Amino acid sequence: MQGGESGEVEASPKRPLFGATADELRAWVAANGHKPYRVKQIQQWAFHRRPKSFADMSDLPLDLRKKLDAEWTLFATDLAYRGVADDGTDKLLLRCRDGRNIECVLMADGIRRTVCISTQVGCGMGCVFCASGLKGVERNLSAAEVFDQVLQAQQLLPPGESVTHIVVMGMGESLANLENLLVALDRVCSPDDGLGMSQRRVTISTVGLPEKIRKLAAKDRQYHLAVSLHAPTEELRDELVPVNEKIGLTAVLEAADDYFRITGRQVTYEYVMLGGLNDRPQHATALGRLLKGRKAHVNLIPYNPVAGLPFLRPEPEDVRGFTDRVEGFGVAVTVRRTKGRSIDAACGQLRRRFESAAEPEAVAIGPPS
Ligand code: SAH
């Protein structure tokens, strides 16, 4: 239900069924006089089937379906918009109960089905080339809202296909919402209470918050860590990633080294290439020197243009030259392919387009096509 001028939406008293834990479901099912095995059936619907409504849950008795419908919603968010790019990338705009919008992206690549999820509404890190942080951070997402993105994306896959990988690379600074993120990822990876995904197929991307990186390392999980470096010197990183002024490159690298030492998981360094700014041969040499001897991997990301920002995409030959130089130091490099450009798939772009539209009618918010 739409609220007043603030754009706030009245909170629904109904709880999201698919975000409920097995314990919560057991209690509810018992309290409503149904057999315990109904919990497994409900979880099958949540994690492996594609119900559009409670009415679809055909193996549940009618009175149970009606009761569920009266007290629960299926999801924690509503699908407000779905954009499908020509390369098969799906971008979802999900509306939270408080009316705020979050984004997630579903990418198909061979047999991989990867979901890119958000952890915050907006972002407080202020990286100068990123659309997510242009208006700061509004709030952390709840664990249910984070988990919901994976379930919503999985619903769009044809029966028989499931999400195979998760990258926490959407809106927000992942480690600034570490507690909720971990609860959500534990659900994703739980064989009994979630999708049973391997922890090794989950990548958490961070701007590089040293204390939080160590906290994550101590959690005894096998998540892959990606650190957004973007510059090989303090001076340049201060310019591109303003939180670096308070943290410093050395502290970020030390924390990442600790992550590798404690978890045994090789760290990826992300490096957004901004034409003329950080993509010159001297930057590649400095990056190679910095990472030489580390069991690290560099992921070069050609800048995805954001309307209103002055940055340029790097020239393809500069990307090749950069790659060769860094590899010359014995550091592995991959270049990220850009997906979903036609649907504003870079973090924060879709939400921004929706929220900056002067006329609400000018944008197509409606049921998924
Ligand atoms: N806060 C986390 C997650 C951010 S999104 C982090 O900083 O890692 C994941 C990656 O996309 C980050 O490396 C981020 O810097 C990068 N990114 C943001 N805006 C981009 C853009 N316009 N083009 C290319 N990459 C971008």
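What classes of residue make up the shell around the ligand, and how many of each?

1. Keep in mind that this is a predicted model. As for the opening question, the shell has nine nonpolar, seven polar and two charged residues.

2. Now look at who sits around the ligand. There are 18 residues around it, and E173, S205, S228, H230 and N304 come nearest. Strands β10 (202-206) and β12 each give at least two residues to this shell.

3. Some side chains pair up with the ligand through N or O atoms. In E173, a side-chain N or O atom is 2.9 Å from a nitrogen of the ligand. For H230, the partner is a ligand oxygen, at 2.8 Å. E270 also has a side-chain N or O atom 3.5 Å from an oxygen of the ligand. On its own the ligand would expose 530 Å², and the protein buries 94% of that.

4. Next, find helix α10, residues 281-291. Its buried residues are H283, A284, T285, L287, G288 and L291. Their cover includes α7 (234-240), α9 (249-263), β12 (267-273), β13 (296-302) and α11 (316-327). After the helix comes G293, with a positive phi near 85 degrees.

5. Finally, check A332, which belongs to strand β14 (residues 332-335). Is A332 buried or exposed? Neither, quite: A332 counts as partly exposed because its relative accessibility is 38%, and that class runs between the 20% and 50% cut-offs. Leaving out residues up to four places away in sequence, A332 touches A296, H297 and V298. A332 and K295 are 37 residues apart in sequence, with their C-alpha atoms 8.8 Å apart in space.

How values were computed: Residues numbered from 1 in each chain as written. Predicted model: local features only at pLDDT ≥ 70, side-chain atom pairs only at ≥ 80, totals over all residues. Heavy atoms only, no water. Buried < 20%, exposed > 50% of the residue type's maximum accessible area, 1.4 Å probe, protein only. Helix = DSSP H or I, 4+ residues; strand = E, 2+ residues; numbered from the N terminus. Contact = heavy atoms within 4.5 Å. Near = heavy atom within 4 Å. Polar contact = N/O pair within 3.5 Å; in protein donor to acceptor, adjacent residues only side chain to side chain. Areas by Shrake-Rupley, 256 points an atom, 1.4 Å probe, with all protein chains shown as cover. Nonpolar A, V, L, I, M, F, W, Y, C, P; charged D, E, K, R; others polar.
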